[in-house]
Every structure is written in structure tokens, then in C-alpha cells.
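Welcome! Here is a short tour of a protein model, starting with a sheet and the helix beside it, and ending with the nonpolar cores.

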Amino acid sequence: MCGIVGIVSHSPVNQMLYDALLLLQHRGQDAAGIATNHANGFSMHKANGLVRDVFRTRNMRSLPGNTGIGQVRYPTAGSSSSEEEAQPFYVNAPFGIILAHNGNLTNAEQLKIEMFKNDRRHINTDSDTEVLLNVLAHEIQQATTGYSLDPAALFKAVAMVHKRVRGSYAVVAQIAGYGLLGFRDPYGIRPMCLGFNESDKGIEYMMASESVALEGMGFRFLRDVNPGEAIFIDNDGKLYNQQCAENPTLNPCAFEYVYLARPDSIIDGASVYATRLKMGEFLAEKIRKQFQHGEIDVVMPIPDSSRPAAMELALKLGIEYREGFIKNRYIGRTFIMPGQALRKKSVRQKLNAIGSEFKGKNVLLVDDSIVRGTTSRKSCRCA
């Protein structure tokens, strides 16, 4: 559950990548990284922290090039404190590949063993992204002959990645001197979309986790990357695409619509905001069957993600909608904070109840989801 972006432009991309990561900051708060390709070399800077804290002017100046990738990280594998596991990751052979990944591999340990015994590759961290990068690198090496690389070889390599790797993954990768590769797992669990911009020098392309990143950067949304599909954009801006999975099906993660994605994004053709409204509508029907009229005085959301559902629920039930919690905008999303102790502390600082809105009332609280219950328990005590 991270945010990724890749751009092929006719002008320097360092600032564009930085701005795009700011638009995807809600997807990961632990680390951020940017890598750019110039001539046949890479420049990269990554560290733990928010985008605004990781990148200073001197870091941005050290990231030249017209193509690049970036990532904001919420770790689902490996360590949240290790800067070595911040993305992107780099491997020097074949050709030189640098990769960023959103998702979670379920067979990473098995692949590590295969990498060592069969492919003679050493994995240096506990990150499943490094595993994925080395699988891709090995398959590109197997698919190529000589010193050149073409789209057909890349698509053949991605097809083999799909056969070896299990889990969820949306990937952007740069191949030194060649271009930008993006692909999505055969089930389309993690989102990725494609956009373009027509400049006076030609067409520029951008791939990102959410459409909001495209729109915020002035790119036009073209389409979602299909499950199992690979897209390659060479350094001249020519786009190639191919379906690389044998039996792709669309099975997006429901949590994207419930919580992870920004409400102004569109994922796989569905508006996140409209989806949350629909959730409120369905919830209203369920509550109508379980509660008598008059048992609930007001409906309140736990801000922010549940607000559309709560508003629609109140509307359908004909019950007053009220805001009973004030959110500190300077506290990050507690679900994606490392460690339960830090999550509990942050919830205390994040939400404060308005006592007068609760006094003498039967309140229906609407939360977007209950995973650990950290926010819900604290909210009930506040009220």
C-alpha cells in the first residue's frame, strides 16, 4: 500500500516527480524516493520521512534527467525504520534497472531461495520489492540476446514474472538508456493508471497509482493499466503495450475504495467518492432493518474517509448529520503508521470530540473501516 509514479518527458522530471509524490503522500508516510535517468546513468535520493522532509534543494539538483520514477512507502514487508528498504531499488545487471513497487508478495521467501539457488542472485534486505526487482532482472536477462533490448523481450520477461510471482504488485521501472516499464499483477489488485500530456516538443507520459496524481500534474487521464498488462515507453516517447498474463481478471482491493485512495480519484472506472456514497446507501438499508425510528438522534463520521458514507446514510434515513470530531490536519493517517504504540498516541492527538454534540444524544458513529480498532476505541472514549 504505497504510491508510485513514473514519467517520460521532454524536460527535467525531478520537480514533476516531487509534486506527484505530494499528491500521493496519503498512500505512504514512512519513506520517499526519486530516481532519474540521464544518458545511461541513474541518480537517486531516498530516505525515511515525508516527501517535504526527504527532499531539499540540493537533493533536487542532483536528480537530472527527462525520465524518472518515485515512490512513497507504507511498509507491508521488511522494516519500517530501515532507510535501505526505502524505494526505488537498483540492480546493475542486465542493462541497469531501477524499480518501485506498490503491493505485497505472498511468496517472497520462496522466491528468495530460488534467487539464490537457481538464479545466483543475493537479496540484501527483507523488502519484497528487492525480490521482485531481481526476478524481473533475471527474466530480462533470460529474454535478451546480445547487447540490445526491445519491447518484445521486456514483455516476455514480464510474462515470466507473472508466472513466478504471487501477490499484489503495481510496478514502475526504468531500464538505463531505454525507457520506462510499468506493469500490474494479473488480478489488478493494486491500482495503476496512464496519462499523457501534449507539449510543444511532443507527447509526455505518466503512470501513477491514482488518477488524482495525473490530474494534479496537468496530465490527461488516458486509461487504467489492465490487470496483467505491461506498458513500455521508450526514451523517444513511443509507447508499446501488451497483455502478459494468461488469464487476467480484475479483482481490485476493496480497501482502496474504502480508505486508501483519495476520494477525487477514479480507480478502474469507478469514482472513489461515488463508491463511498453507495456504501452509505447500503449501510442505511441495513440500519433501517435493525433500528426503530427515533432510536438514533444524529449521524456522525470519524473524519475524514467515512464522511461521504455518513452523509449519504443520514440523508437516506432522514436523520440529522453532525460533525462531532475535529481532526488535527497535521497528524498523518494512523493506519499506516509503524507500531501500535505510535498509532495510539497519534489517534489521541488526531481527534478531539466536541462534547456538546454528544450530550444527551443517541449518536450513530460511521467509520470507514475497523482493522485494528485503534481509532474506534479512542473515539468512543472521547465521546
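## A three-stranded sheet

In this predicted model, three strands form an open sheet in the order β17-β16-β20, and their pairing is parallel. β17 and β20 are the edge strands, each pairing on one side only.

Between β16 and β17, the parallel pairing runs over two bridges. If you would like a spot to zoom in on, valine 299 stands opposite tyrosine 321 in β17. Helix α10 packs on the sheet, where it touches β16, β17 and β20. The direction of α10 makes about 170° with that of β16.

## Helix α10 and its buried side

Helix α10 covers residues 307–317. Its buried residues are Pro308, Ala309, Ala310, Glu312, Leu313, Ala314 and Leu317. Which elements do the buried residues of α10 pack against? They meet α9 (272–290), together with β16 (298–301), β17 (320–321) and β20 (363–366).

After α10 comes glycine 318, with a positive phi near 70°.

## Glutamate 229 in strand β12

Let us move on to another strand. Glutamate 229 belongs to β12, which spans residues 229–234. Is glutamate 229 buried or exposed? Its relative accessibility is 2%, and because buried means under 20%, glutamate 229 counts as buried.

The side chain of glutamate 229 has a polar partner: it makes a polar contact, at 3.0 Å, with the side chain of asparagine 241. Not counting residues up to four places away in sequence, glutamate 229 touches Gly182, Phe183, Arg184, Arg223, Asp224, Asn241, Gln242, Gln243 and Cys244.

## Phenylalanine 183 and the nonpolar cores

One of those neighbours, Phe183, leads us into the largest nonpolar core. This core has 35 residues, and Phe183 is among those with the most contacts inside it, along with Ile97, Leu136, Val165 and Leu181. At least two core residues come from each of β5 (89–91), β6 (97–105), α4 (108–117), α5 (128–143), α6 (151–164), β7 (167–175), β8 (179–184) and β12. Helix α5 gives the largest share, eight residues.

Leaving aside neighbours within four places in sequence, phenylalanine 183 is in contact with Leu136, Val158, Val161, His162, Tyr169, Ala170, Val171, Met192, Glu229 and Ala230. Apart from the largest core lies another one, of 26 residues, including Tyr18, Leu21, Val51 and Phe219.

Definitions and conventions. Residues are numbered from 1 along each chain as its sequence is written. This is a predicted model: local features need pLDDT of at least 70, side-chain atom pairs count only at pLDDT 80 or more; totals for chains, interfaces and linings use all residues. Side-chain values use heavy atoms; hydrogens and water are left out. Helices (H or I, at least four residues) and strands (E, at least two) are DSSP runs, numbered from the N terminus. Buried means under 20% relative accessible area, exposed over 50%, partly exposed in between (1.4 Å probe, protein chains only). A polar contact is a pair of N or O atoms within 3.5 Å; within protein, one must be able to donate a hydrogen and the other to accept it, and residues adjacent in sequence count only if both atoms are side-chain atoms. Contact means heavy atoms within 4.5 Å. A nonpolar core is a set of buried Ala, Val, Leu, Ile, Met, Phe, Trp, Tyr and Cys residues joined through side-chain atoms within 4.5 Å. Two strands pair if DSSP finds at least two bridges between them. Axes are lines fitted to C-alpha atoms, for helices over the stretch in contact, and angles run from 0 to 180 degrees between N-to-C directions.
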